[in-house]
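Let us read a structure together, one feature at a time, with a learner asking and a teacher answering.

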Amino acid sequence: MSKLDMRGQLIEHSSSFIGDSKKLGLVEMSGIRIIGILNEGDMNPGSAVKLTKCGLDKDNSPYFEFSFV
């Protein structure tokens, strides 16, 4: 078992207008790509991000939130 780094790199971003408007991003962390919610910051591909929150939403679907570092 190995510990994953909580920091990653923004690959691409977009906006979702379904329900609450959110900024979404594709983030690469330790060779794994994850789609998650982006908090405000430098929305350029290659920007450094950190996983700040993850869990299950009210529908038991997983979610991930990232902030820029």
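Q: Which residues make up the largest nonpolar core?

A: In this predicted model, the largest nonpolar core has 10 residues in all, namely Leu10, Val27, Met29, Ile34, Leu38, Met43, Val49, Leu51, Phe66 and Phe68. The elements that each give two or more residues to this core are strand 2, strand 3, strand 4 and strand 5.

Q: Taking one member of that core, what is Met29 in contact with, leaving aside its neighbours within four places in sequence?

A: With those neighbours left aside, Met29 is in contact with Ile34, Leu51 and Phe66, and also with Asp5, Met6, Arg7 and Gly8. Ile34, Leu51 and Phe66 are themselves listed among the residues of the core.

Q: How should I read the pairing of strands, and in what order do the five strands close into a barrel?

A: As a general idea, the strands of a sheet pair through backbone hydrogen bonds, and they may do so either parallel or antiparallel. Here the five strands close into a barrel in the order 1-2-3-5-4, and the pairing is mixed. From one strand to the next, the twist averages 45 degrees.

Q: How many bridges join strand 1 to strand 4?

A: Strand 1, which covers residues 7–16, is joined by three bridges to strand 4, which covers residues 48–56, and these two strands run antiparallel. Within this pairing, Gly8 stands opposite Val49 of strand 4, and Val49 is one of the core residues.

Q: What should I look for in the backbone angle phi?

A: Most residues other than glycine have a negative phi, and most peptide bonds are trans. In this structure, Ser30 has a positive phi of about 50 degrees although it is not a glycine, and Asn60, which is not a glycine either, has a positive phi of about 65 degrees.

Q: Where are Ser30 and Asn60 found?

A: Ser30 is found in the loop between strand 2 (22–29) and strand 3 (32–38), whereas Asn60 lies in the loop between strand 4 and strand 5 (62–68). With a relative accessible area of 45%, Ser30 is partly exposed, while Asn60, at 59% relative accessibility, counts as exposed.

Q: How do I read charged side chains, and how many salt bridges does a search of the whole structure find?

A: The general idea is that side chains of opposite charge can pair when their charged atoms come close. A search of the whole structure finds one salt bridge, and Glu28 forms a salt bridge with Arg33, their closest N and O atoms being 3.1 Å apart.

Q: Are the partners buried or exposed, beginning with Glu28 and then Arg33?

A: Glu28 counts as partly exposed because its relative accessibility is 28%, and Arg33 counts as exposed because its relative accessibility is 52%. Glu28 lies in strand 2, and apart from residues up to four places away in sequence, Glu28 touches Gly8, Gln9, Ile11 and Arg33. The C-alpha atoms of Glu28 and Gln9 are separated by 5.4 Å, although these residues are 19 residues apart along the chain.

Q: What is the nearest side chain of opposite charge to Glu65?

A: That side chain is Lys53, which is 4.4 Å away, and Glu65 is buried yet has no salt bridge. The reasoning needs a cut-off here, because a salt bridge requires the side-chain nitrogen to be within 4 Å of a carboxyl oxygen. Glu65 has its place in strand 5, and, not counting residues up to four places away in sequence, Glu65 touches Ile37, Asn39, Lys50, Leu51, Thr52 and Lys53.

Terms used. Residues numbered from 1 in each chain as written. Predicted model: local features only at pLDDT ≥ 70, side-chain atom pairs only at ≥ 80, totals over all residues. Heavy atoms only, no water. Pairing = 2+ DSSP bridges. Helix = DSSP H or I, 4+ residues; strand = E, 2+ residues; numbered from the N terminus. Axes fitted to C-alpha atoms, helices over the stretch in contact; angles between N-to-C directions. Buried < 20%, exposed > 50% of the residue type's maximum accessible area, 1.4 Å probe, protein only. Core = buried A, V, L, I, M, F, W, Y, C linked by side-chain atoms within 4.5 Å. Contact = heavy atoms within 4.5 Å. Lys, Arg positive; Asp, Glu negative; His and termini not counted.
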